[in-house]
Amino acid sequence: MQAPSPSLIAENLACRRGDRLLFRRLSFALEAGAACHVTGANGAGKTTLIRAVAGLTTPYAGEVRRTGALGLLDERTGLDPDLPLDKALAFWFGIDRVAGADEIMARLRLDPLAEVPVRYLSTGQKKRTALARLMGQQASIWLLDEPLSGLDSASQGLVSELVREHCAGGGIALIASHQPLDVPGMTAFAIEDFAPTGEDA
Amino acid sequence: MIAALLRRDLAQFFPFTGSGAALPVVFFVAVAMLFPFAVGPDANLLAKTGGGVVWIAALLAAILPLEKLVARDIDLGFFDQLKLRGMAEEAMMAVRLVAHWLSFGPPLVLATFPAAALLKIEGETFQILILGLLAGTPGLAAIGLMIAALTASLRAGAALSGLLLIPLALPILIFGAGALARQDQVSLGFVAAISLALVAIAPFAAGAAIRAAREN
């Protein structure tokens with residue numbers, strides 16, 4: 001799983017939403033162990049960038065190259081709302097062949113919620129469940145879209161901790177968030193720096 | 001991964017396990033039950049027209065599950081997560097087609113037994129009706145899946161899918177119900193052929209549709 005060492009490279013990326021160009025000439029290269037924080041106001045294109053990097057949408061220009069499996073955490077959990085939490089997670093744990101499901105559940109304090117249907121969970125609880133799914137996936141590249149939104153301060157600290165561990169283990173994390181994360185050595189860029197200026201229009 | 005997905009999809013859509021999934025079958029029987037009340041208990045008239053009624057009821061029942069068939073999982077980000085794990089959209093849609101048909105075709109065929117009794121359909125007509133439904137429902141499921149995927153990102157998708165299914169299902173209806181009128185098994189071959197072609201293209205059309213839905 002760990003070999004070869006993961007990398008995530010974006011070159012001259014440009015993305016549109018509708019007819020509007022959100023950013024252009026965006027390039028970055030992340031090697032094993034690197035974390036990168038993308039900041040930007042709402043609507044600046046953070047989510048669009050994450051989805052383009054994930055390969056879910058086709059960028060308007062430029063390309064993304066990667067080595068390693070992708071894990072995505074965004075506002076959509078991918079969990080069946082009618083199922084109890086443990087059953088909904090079990091589907092993804094089954095697909096990802098997770099061995100230590102119990103530890104992951106305990107770590108994210110999900111044990112007391114195991115029998116609650118996903119649709120009754122609060123925003124923060126859903127986010128923690130999605131984090132459990134992400135951890136189980138064991139992907140070497142993490143794409144996190146607003147991982148802190150809806151979480152209490154204890155859980156926010158946990159997200160930083162998980163990212164630190166992930167990167168210490170040779171993983172890559174690209175994090176789009178307007179909130180700060182406590183990850184030493186994390187690089188950062190503002191997506192507004194790549195917004196088109198008059199000359200591009 | 002395919003097996004796990006099929007199990008999950010079946011749990012979602014199979015009658016009496018998924019949420020409100022039994023509705024199409026109940027609707028189907030209800031239509032068959034209402035018809036004798038509307039036209040009167042004349043056995044000859046019922047036997048002559050009943051087969052067509054069963055076909056129309058099947059077609060309308062095929063519309064009911066479409067709303068939840070694809071749009072819900074797009075909103076959940078479910079297909080996105082599968083995509084990140086390397087599964088092609090075409091494979092997701094092929095699995096969904098199988099699950100959709102299994103949860104609506106065979107239950108409908110079973111429900112035809114009480115429906116046929118209510119409509120006084122017997123003997124060879126009954127045989128042709130059952131065979132026709134077995135041959136035609138995969139085609140209806142395939143049309144339904146394509147429409148559900150195409151309209152998933154539209155606001156009025158649910159209302160639109162019903163309108164779109166009816167003209168597309170006409171060939172199946174014409175040959176399927178036509179086989180009953182002429183007591184002719186050859187038409188069933190046409191039904192099966194149309195179904196086969198639809199089943200073959202549906203995963204690709206629906207897969208392309210959910211890929212396109214991500215772009216907006």
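**Entry 1: chain A against chain B**

I looked up the contact between the two chains in this predicted model. I find 14 residues of chain A in contact with 14 residues of chain B. I then asked which elements of chain A give two or more residues to the side that touches chain B. I note β5 (70-73) and α2 (85-95) of chain A. By class, I record six nonpolar, five polar and three charged residues on the side of chain A that touches chain B.

**Entry 2: domains of chain A**

I next turned to the division of chain A. I see domain 1 assigned to 1-69 + 139-201 and domain 2 to 83-138. I note a distance of 24 Å between the C-alpha centres of these two domains of chain A. Their contact draws eight residues from domain 1 of chain A and nine residues from domain 2 of chain A. On the side of domain 1 of chain A that touches domain 2, I list five nonpolar, two polar and one charged residues.

**Entry 3: a helix pair in chain B**

I looked up how α3 (residues 43-63) and α8 (residues 123-150) of chain B pack, and I record an angle of about 20° with the axes 10 Å apart. Angles under 35 degrees count as roughly parallel, and α3(B) and α8(B) are therefore roughly parallel to each other. I note that the crossing of α3(B) past α8(B) is right-handed. From α3(B), I list G51(B), V54(B), A58(B), L59(B) and A62(B) in the contact. From α8(B), I list T125(B), L129(B), L133(B), T137(B), L140(B) and G144(B). I count seven nonpolar, four polar and no charged residues in the contact of α3(B) with α8(B).

Technical notes. Residues numbered from 1 in each chain as written. Chains lettered and ligands numbered in written order. Predicted model: local features only at pLDDT ≥ 70, side-chain atom pairs only at ≥ 80, totals over all residues. Domains from an automatic or database assignment. Contact = placed C-beta atoms within 7 Å. Nonpolar A, V, L, I, M, F, W, Y, C, P; charged D, E, K, R; others polar. Helix = DSSP H or I, 4+ residues; strand = E, 2+ residues; numbered from the N terminus. Axes fitted to C-alpha atoms, helices over the stretch in contact; angles between N-to-C directions. Parallel < 35°, antiparallel > 145°, perpendicular 65-115°, else oblique. Left-handed = near helix turned anticlockwise from the far one by under 90°.
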